Amino acid sequence: MTACVLNPEGPILVPVDFSKHSEAALIFAMNIAELMERQVIVLHIVHEPASAPGYYRRESSDDSRTFDAIAAEMMEKFIEEAKETCPNIDFAKAETKFLDGIPSRRIVEYAKKIDAHMIVMGSHGHRGLKSVLIASKARKVMQYAPMPVTVVKADEMVQKLMKKEAK
């Protein structure tokens, strides 16, 4: 008899862009991973978007550093901020990974490569005409990923976390 489970051993993949939305997705994924006894891989696609030139230069004025080096520094800061938000979570258990390319495409390719059990992504929550005009990474990943994709909205997640911390 064959088990009807996608990949019972696969990790949870969390693509991040260092936003609060990504932080909420990472926190959600770390909680799920603890319950499911899964590894978490935090993935950042190094991609200088035409809509935000200088994205990887905002942290430093040192032009001699590569995008990868700057992204690694941004990842460290991102993880530290997540630790401040939820100090009870052991973020050291998460593995970080960097790839180059177009984000939605590379996320799906990497998820397939590692045979991820699921993908957890943050959403900026654009609605209406703006969501039609902006090609949502989460929407594209959901469309092409062969495994489940969970989309986490930061505002709701952060509010719930703050209420729990206050208790």
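Tutor: Let's start with a word we will need: a residue is called buried when its relative accessible area is under 20%, and exposed when that area is over 50%, with partly exposed in between. Keep in mind that we are looking at a predicted model.

Student: Thanks! Is Ser-22 buried or exposed?

Tutor: Ser-22 is part of helix α1. Its relative accessible area is 4%. The cut-off for burial is under 20%, so Ser-22 counts as buried.

Student: Which side chain makes a polar contact with the side chain of Ser-22?

Tutor: Look first at what Ser-22 touches beyond four places in sequence: Pro-15, Val-16, Asp-17, Phe-78 and Gly-122. One of these residues also pairs with Ser-22 through a polar contact between side chains, at 2.8 Å. That partner is Asp-17.

Student: How far apart in space are Ser-22 and Val-42?

Tutor: Ser-22 sits in helix α1, while Val-42 belongs to strand β2, residues 40-46. Along the sequence the two are 20 residues apart. From C-alpha to C-alpha, the separation is 9.8 Å.

Student: Is Val-42 buried or exposed?

Tutor: Setting aside neighbours within four places in sequence, Val-42 is in contact with Val-14, Val-16, Leu-26, Met-75, Ala-94, Glu-95, Thr-96 and Lys-97. Its relative accessibility is 0%. Since burial means under 20%, Val-42 is buried.

Student: Now the helices. At roughly what angle do the axes of α1 and α2 cross?

Tutor: Two packed helices are described by the angle between their axes and the distance between the axes. Here α1 covers residues 20-36 and α2 covers residues 67-85, and their axes come within 10 Å. The crossing is right-handed. Its angle is roughly 65 degrees.

Student: How many residues of the contact of α1 with α2 are nonpolar?

Tutor: On the α1 side, the contact is made by Lys-20, Ser-22, Glu-23, Leu-26 and Ile-27. On the α2 side are Phe-78, Ile-79, Glu-81, Ala-82 and Thr-85. Sorted by type, three are charged, two are polar, and the nonpolar ones number five.

Student: Which residue meets Glu-23 in a salt bridge?

Tutor: Glu-23 is buried at 3% relative accessibility, whereas its partner is partly exposed, with a relative accessible area of 48%. The two are three residues apart in helix α1, so about one helical turn separates them. Their side chains meet at 3.0 Å, N to O, and the partner is Lys-20.

Student: How many residues apart in sequence are the parts tied together by Glu-34 and Lys-93?

Tutor: The side chains of Glu-34 and Lys-93 form a salt bridge at 3.5 Å, N to O. Glu-34 lies in helix α1, and Lys-93 in the loop between α2 and β3, so this pair links parts of the chain whose separation in sequence is 59 residues.

Student: Which helix holds both Glu-109 and Arg-106?

Tutor: These two form a salt bridge, with their closest N and O atoms 3.0 Å apart. Glu-109 is partly exposed at 37% relative accessibility, and Arg-106 is partly exposed too, at 25%. They are three residues apart, about one turn of a helix, and that helix, residues 103-113, is α3.

Student: And how many salt bridges does the count come to?

Tutor: We have met the pair of Glu-23 and Lys-20, as well as Glu-34 with Lys-93 and Glu-109 with Arg-106. These are among the salt bridges of the model, and the count comes to four.

Notes. Residues are numbered from 1 along each chain as its sequence is written. This is a predicted model: local features need pLDDT of at least 70, side-chain atom pairs count only at pLDDT 80 or more; totals for chains, interfaces and linings use all residues. Side-chain values use heavy atoms; hydrogens and water are left out. Axes are lines fitted to C-alpha atoms, for helices over the stretch in contact, and angles run from 0 to 180 degrees between N-to-C directions. Helices (H or I, at least four residues) and strands (E, at least two) are DSSP runs, numbered from the N terminus. A crossing is left-handed if the near helix is turned anticlockwise from the far one by less than a right angle, and right-handed if clockwise. Contact means heavy atoms within 4.5 Å. Ala, Val, Leu, Ile, Met, Phe, Trp, Tyr, Cys and Pro count as nonpolar, Asp, Glu, Lys and Arg as charged, and the others, Gly among them, as polar. Buried means under 20% relative accessible area, exposed over 50%, partly exposed in between (1.4 Å probe, protein chains only). A polar contact is a pair of N or O atoms within 3.5 Å; within protein, one must be able to donate a hydrogen and the other to accept it, and residues adjacent in sequence count only if both atoms are side-chain atoms.
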